[in-house]
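The exercises below concern how two parts of one chain meet. Work through each task before reading its solution.

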Amino acid sequence: MKHLIRKEFLEQGYVFATRAAEIARAAGHTRPARLASNENPYPPSPKAIKAAEDVLPHTNRYPDETNRAFIDALKERHGEYHFVASVGMDGIIDTVIRTIISDGDRVAVATPTYSYYGLAVQAQGGVTVSVPRKADFSVDPHAFCRDAAGTKLAFLCTPNNPTGTTETTETIAAICENYEGILFLDCAYIEFDETDYRPLMEKYENLIIGRTMSKAYSLAGLRVGYSFVPAWYEPIYHRAATPFTLNMVSQAAAAAALEDTDHVERIVTMVKEWRKRFMDECPYPVVPGGANYVMVDVAPGRADDMVTELAQKGVIVRSCASFPGLPEHYIRVSIGEPWENEAFLTAIRELYQP
Ligand SMILES: *Cc1c(COP(=O)(O)O)cnc(C)c1O
C-alpha cells in the first residue's frame, strides 16, 4: 500500500537522540545525566499540577474551543496582544504554514537551526530555502532579506537552537521592515534571555512570535505552545486550525503555570548561573548564547565521537552533526540539575584533548 503515500513521508522524519541513551545504558549507567533535549529538569509548578488534577473529572466534555482560560492568562502576563494557542509551538508552526504555503511555495529558514520547520514545510508541499547565518551564527538583516527575497514565509529562531545565538531587536525590526513575507520568530527559549521582542508586535503586521510552555515552564509533556499574532491574522489562523487544539488538562495547567512567576524566575536564575559556569569552566570553546543549553566546539574532535565518549561516562548530550549547515564538531548540552551539570563538566575535562 505504500505507493499511495506521499513521497515526503517515506523518508526519515524528526531525529530523536536515542543512540546516546542506549550507549549509556550498555555502559551500566542506570541513571545517566540527561542533557540532550533542552527540557526543564524540574517538575512543573505545584499550582499547575493542582489545576490539571482539578479538571480531570470534567474531561468527558470537549474543551473550550477558544482556549479562553489560557488566552486570558496570557493577556494578564503580557498585555493586550493577540494570541493563538496550540499543541506545542510545533502545532502552531504547522498551522501557520498551512495558512500560507501551498505546492511549490518557498519558505526561508535562517540556518543552521531547528529541523522541524523544514519537515513541516515539506509536508505542506513547500520548498525550504536555507539562508545561511554569519560565521558567528548571528543573522545579518540585509543579507537575510536579500537571500529570502521571493519567499512567502521565513523562520528565524532566537535564541537559536542549537547555537544559542540571540538576535537584537534592531535586527528583527530591520527584517520586518524590509522582508515582504511573514516572519515567524521562534522564541522557544526567550525566557532565558533578556531580549524583549514583544513591542515589535505593535509596529509590524508581518511578525508572528512563537513561544512555548515546554521549556522554561516545565510543561513539555503537556504540549502547549502559543504565539503573538497580528490582529488581521488571528481569524485566518483559526480557520486553518483543528477545531479543538489545547486539551482541558493542558490548558488548565498552562494557565496556572503562567501565573506562578516565582517558579519560572527560580528556574531562569539557576539556568543563567550554570550557563556562566559552562562558559567559564568548559575546556572547549562555548558559543555565547541565551538559552538553557550551550553549544560547544569540540574541534579537532568529531561531535559524534564526543557524544559516544560522554555517553560511556553516563552523560547524554546531543551531537549537532545532524543539523544541516553546521560542521561536524559541535555538541549541544542542556543545562540540567546541578549534579548533571557537574557530571558533564567532570566528563568533558577528562575527555579534553587540546
Ligand atoms: C522545543 C522547541 C520548539 C517546540 O516546542 P513545543 O512547544 O514543545 O512544540 C520549537 N522551537 C524550538 C527551537 C524548540 O527548541
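**Exercise 1.** In this predicted model, find how many residues of domain 1 and of domain 2 are in contact.

*Solution.* Count the residues that have heavy atoms within 4.5 Å of the other domain. On the side of domain 1 there are 32 residues, in contact with 29 residues of domain 2. To place these sets in the sequence, take the domain assignment: domain 1 is 2–43 + 262–351, and domain 2 is 47–259. The centres of the two domains, taken over C-alpha atoms, are separated by 23 Å.

**Exercise 2.** State the area buried between domain 1 and domain 2, and the share that carbon and sulfur atoms give.

*Solution.* The buried area comes to about 2,400 Å². Carbon and sulfur atoms give 60% of that area.

**Exercise 3.** Which side chains form the salt bridge between the domains, and how many residue pairs are in polar contact across the interface?

*Solution.* Begin with the salt bridges: the count between domain 1 and domain 2 is one. A salt bridge needs a nitrogen to oxygen distance within 4 Å. The side chains of lysine 272 and glutamate 194 meet in a salt bridge at 2.3 Å, N to O. Then take the polar contacts: the rule finds 12 residue pairs across the interface, both residues at pLDDT 80 or more.

**Exercise 4.** Which element gives the most to the side of domain 1 that touches domain 2?

*Solution.* Three elements each supply at least two residues of this side: helix 10 (261–281), strand 9 (293–297) and strand 12 (330–334). Helix 10 gives the most, with seven residues. By class, this side of domain 1 has 18 nonpolar, nine polar and five charged residues.

Technical notes
Residues are numbered from 1 along each chain as its sequence is written. This is a predicted model: local features need pLDDT of at least 70, side-chain atom pairs count only at pLDDT 80 or more; totals for chains, interfaces and linings use all residues. Side-chain values use heavy atoms; hydrogens and water are left out. Domain bounds come from an automatic or database domain assignment. Contact means heavy atoms within 4.5 Å. Buried area is the accessible area (1.4 Å probe) that two parts lose on being put together, summed over both. A polar contact is a pair of N or O atoms within 3.5 Å; within protein, one must be able to donate a hydrogen and the other to accept it, and residues adjacent in sequence count only if both atoms are side-chain atoms. Helices (H or I, at least four residues) and strands (E, at least two) are DSSP runs, numbered from the N terminus. Ala, Val, Leu, Ile, Met, Phe, Trp, Tyr, Cys and Pro count as nonpolar, Asp, Glu, Lys and Arg as charged, and the others, Gly among them, as polar.
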